[in-house]
Every structure is written in C-alpha cells, then in structure tokens.
Amino acid sequence: MAEDLQYFRGVLKSYSPRDGYGFISCPVLFDAFGRDVYIDRARLPPGASAGFSLDFTITISSRGQPQVQHAVIVEEAATDPMDAANALDPELLRFTEGPSHFSVVLEKQKNSNRLGIDVDASKGEDLLIDFVAGGLVAEWNRRHPESKVNVGDWIVEVNSVSGHAQSIFRECRNARRLEMRLRRGRQQEGVSEQSVLPTLSVVTWNILSSAYVSFKMYPRIDKAVLRATRRRAQISAALRQLAADVICLQEVDCPLEDLGLHASEFDSCYAQRPGGRSDRCVIAWRRDRLEKGPGGHRVMRFDDHPPPKIFDCDATRYESGNVGLAVELRLMSDPGRRCVTIATTHLNWEPQRMDVRAWQAHIFFDLAQKLSGPRVVLCGDFNSLPGSQPHQFLAQGCGLASAYADVEGTWLTNSNADGCPGGFAAMIDYLWYSPKWFSIRQRLRLPTADELRTRAYGATLCARSASSASDGSGCGRSCTTSGDDACGGVGQPPVPTLLSESWPSDHLALAALLELATPDIDDVEWDLNN
C-alpha cells in the first residue's frame, strides 16, 4: 500500500524490555485509528527510550491496528552533559550534620544509682560530659547503641529543667527518674579522644530504569526530561558531586561508564533481575579506598527463597523478580584492616504484597549478616513506609539504626504527583547501619513535602490550600504505590514529582558519612544482671 511508505513522526511513549514492545504517540495516527502505534523490539532503534522522537513507517495488522515497520531516531539537539549538570537542584545535594539531639531515660535503683559520668557545669547553660565509665549510662549504652552517650556530648535538659547548668546538675543528682535530652558534641581534646577515625561515605539511589519511564506514569513531565541520555548525564553529575566511597544503585539498565563510574576508578558487582528484566542492583566502590574482602560478594534472588512450607502459603505469590546484593569490603585506611558488609536491594513494590516485602527484608538481612560479621550497612529501595512490617523488622529486630530515623516522618525520598489519587510522597528508601560500629557524622539533607510544594507552587498558594482543608487527616484514599496512605492532604496540591528538569529520578539519593570505631563492648551481648 502506498500509505505504508509514508513517514510519520511521533514520540516513544513507553517501552518494556521484558515484554519486548512499546507504543508511540502520534496525533495523526491516533485520529485515524483511535490508538497509539505498536512497536516491537526488532524495530526499536538502538538507544531509543521513552521521550525520544521517532520517524517511522507503518503497516496494518490483521486486526486493523497500526504497527511500526521501520523507525529512526529524529536528530534533535544532543544532550549537553554540562547543561544537564547545571540544571541539577543543588538543594538535593546538600549535606548536613548527623542527628544532633537524642533522648535518654535512666531509672535509679537502690542498688544501682550511680550514673557513671563526670560532667563540667562551667560551660554555660548545658552540662558537658567529660568522662563515661560504668554505671547507669554504660548500661544504657549497652542496650541502646543507636543512642549511645559519648564523651563530648552535652546534657541540655533533664525532667524539663534546662537553661542553667547548675540546675541541670542538681536535677541529675536528686531525681530518681531522669528523662534527659542530649546534644551531640565533639570530644574534647585530650579527653578519651581517639585519633582520626576511619570514615566511609555511602550513597544509595534508585535511579529509575528507562523500562519504567512512560507518559502514563509521568504525564506532566516534558518528554525531553524523560530521555535516558539526559537523565544519565544528570545522574553522573550528581554522583560526581556526592563523591562517595561506596555507591549503591537500584534500577541500573546501562553500562556504569554512562553514569560516570569508570573501571579505572571503581570496582563493582551487580545482581541482575531475572525473567528478562533489564535493570539490576549495583554496588560500586573506589579502588583507592576499598578492596574486596575474603568473603567476596553474594547475589540473592528472592524467588529462590520462598517461605518454608510451615507458613502454609502460596510460594508463587513470593515470585516477584526482586534481588539483593552484598559485598564484603575492607577499608584501606583502617589500621585494623577490618571488613564491612555493604548490601543493597530493591524490594517488591506491589501494594497488596506487604508480606512479600517483609519476607524479602528478612532474608536480605540474613544474607548481609552471614557474609562477614557485625559491621553492616544495608540500603536501597524498600518500598515500605516507616512503621510498616519490613521497616519494623529492620528497626527493632536486627539491631540496626536508620541514618534518617529522626526525620522519617517528615523528610521524603520518593514522590509522584500522579502515583495515586492525590499524589504519592513518602520515605520508602533507607540507609541502615550497625550502631555499635558506626556513627553518623554527616548525611544528605532531604526535603519535606511542604518544601517541595512551596518550591513548585509558591508559598502563597500552599498556605491558601492548607487553610481551606477541612482537617489534616489526608485524602483518605488508598495509595496504589506502596500499599499505605501517603497521599496529599485534603485541599492541598499534590507534592510535585521529583523527576523533573532539575532531577533525573522519582527517587532521591540518600547519603551518609559513617565513622567507624571499636565499640566499648564485645560482639557478644552480656546481661549484667546475671
């Protein structure tokens, strides 16, 4: 047919490497056929991804539907890596100090009322801790390593008493129950101070695979922003600016060189998702800072580890194609040549499969723990809100601490204004660590929902929308992204999608500078009461 030789122009709307086909949006042909144009793997031009413009010819299927016969990429202005890098939002790449305040509760007993600390009350409003040895504080440190009291910390409040060091001191001495608020501080020179401690900077980031980019998922985003070439240039620039020792990535679907992780600077390992999926989890580390330990690395395909039969559940329900990856690394700067386990994963996303995510979190932790020892960093996209089953398991059952524990209810890592009715925005990515072995010196600052709204819509509109809301209970509609209600509130505009001209993914990067130290207790927990 003569019309088969006519070229049309359209934009690749979606493409699934796993399914081997996608669709092109072409207004002319949509008017004629009432549908988008089908394109299969064999006819997709190399390098094309959602957002690319294509010139193509068509043929008509036996069902009378248009499908691509031949296609070429339209030569448009090439992505300038420098322009893409300059467009990055600097506020999403800004580090801040680690958690500064924490709480401690001590209960004096008749046979145990010694706090076990020396303090200096001459430094102004707060009490400076000069020495920690034994007593109730040491017992607290043993039981709560995530809130360990250190030399150099400041006691700022006890039982609501604050503002005067001598008053705080008297309350500590006289009260039976001490509800204390402390502020992290630098250790004083010459007071139980260790020399420069080894540090390890870690980044985790779901960089959004091209396979999951489509006009349907991101209808408000300009097609040029969706192109893989532009997004990869921004990812490369962001990773270069973060300059981490260890980089854990999820949804990687391209050579690491395209992300700026060159083999001359980084070693790496990966876990490919099964079933024809194009994306994988990757751990890369700087060759001049770290080396692979004797434990090597291990890949876990969760589909190969269904729950035991005693659970009496359908094993096929747990087949989701998700993977975990762990590697044992040795810090070259550590005089003790100690090894650290770094592990990353991307858990199942389906809302109705919270039990699957919980099981995956369990066996993922088991993989990481068995690889080398107690020094563990777990990170990735857990697709789980704070307080959900997977989160509770890691926070309460594994002896781990979250680098963002104090802000998990306000800071967020993922948002999509079209992810569910009212939009979706929440923290679903995490960076966990062994608090007995690490402390957080710095971490990447993450935005709140209100901060993103204000930047997108302006403070006046957000204030007006908030004041018109009937209550603060949220939209009340079931969220379809993580199985929990993280939708926008009544009367509020949705939190804008993170994927934009100034950010290449719908997830934010998380990062922390960890300080590695020898804990005050052995690996074995001791019960002092026995």
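# Worked exercises on a predicted model

Cysteine 379 has a relative accessibility of 0% and therefore counts as buried, where buried means under 20% relative accessible area, exposed over 50%, and partly exposed in between (1.4 Å probe, protein chains only). The model is predicted, so that local features need pLDDT of at least 70 and side-chain atom pairs count only at pLDDT 80 or more, while totals for chains, interfaces and linings use all residues. Residues are numbered from 1 along each chain as its sequence is written, and side-chain values use heavy atoms, with hydrogens and water left out.

## Exercise 1: cysteines

Determine how many disulfides a search of the whole structure finds, and examine cysteine 281 and cysteine 379.

Solution. Start from the criterion, which is a pair of cysteine sulfur atoms within 2.5 Å. The search of the whole structure returns zero disulfides. For cysteine 281, the closest cysteine sulfur belongs to cysteine 248 and lies 9.2 Å away, which is too far for a bond. Cysteine 379 is likewise in no disulfide, the nearest cysteine sulfur, that of cysteine 248, being 3.5 Å away. As for accessibility, cysteine 281 is buried, because its relative accessible area is 2%.

## Exercise 2: a hairpin

Describe how strand β4 and strand β5 are joined, and find the residue with a positive phi in their hairpin.

Solution. Helices (H or I, at least four residues) and strands (E, at least two) are DSSP runs, numbered from the N terminus, and two strands pair if DSSP finds at least two bridges between them. Strand β4 (residues 53-60) and strand β5 (residues 66-73) run antiparallel and are joined by seven bridges. Within this pairing, phenylalanine 56 has alanine 71 of β5 as its bridge partner. Five residues lie between the strands of the hairpin, and there glycine 64 takes a positive phi near 80 degrees.

## Exercise 3: tyrosine 38

Place tyrosine 38 in its strand, classify its exposure, and list its contacts beyond its neighbours within four places in sequence.

Solution. Tyrosine 38 belongs to strand β3 (residues 37-40). Its relative accessibility is 29%, so tyrosine 38 counts as partly exposed. With contact taken as heavy atoms within 4.5 Å, and leaving aside neighbours within four places in sequence, tyrosine 38 touches Tyr21, Gly22, Phe23, Pro66, Gln67 and Val68. The C-alpha atoms of tyrosine 38 and leucine 12, which are 26 residues apart along the chain, are separated by 9.9 Å.

## Exercise 4: a loop with positive phi

Work out what the backbone phi and the exposure are for asparagine 159 and serine 160.

Solution. Most residues other than glycine have a negative phi. Asparagine 159, although not a glycine, has a positive phi of about 50 degrees, and serine 160, also not a glycine, has one of about 70 degrees. Asparagine 159 sits in the loop between β10 (154-158) and β11 (161-162), and serine 160 is placed in the loop between β10 and β11. Asparagine 159 is partly exposed because its relative accessibility is 24%, whereas serine 160 is exposed, with a relative accessible area of 64%.

## Exercise 5: the surroundings of α3

Identify the buried residues of helix α3 and strands that cover them.

Solution. In helix α3 (residues 135-143), the buried residues include Leu136, Val137, Glu139, Trp140, Asn141 and Arg142. Their cover includes β7 (101-107), β8 (117-120) and β9 (127-132).
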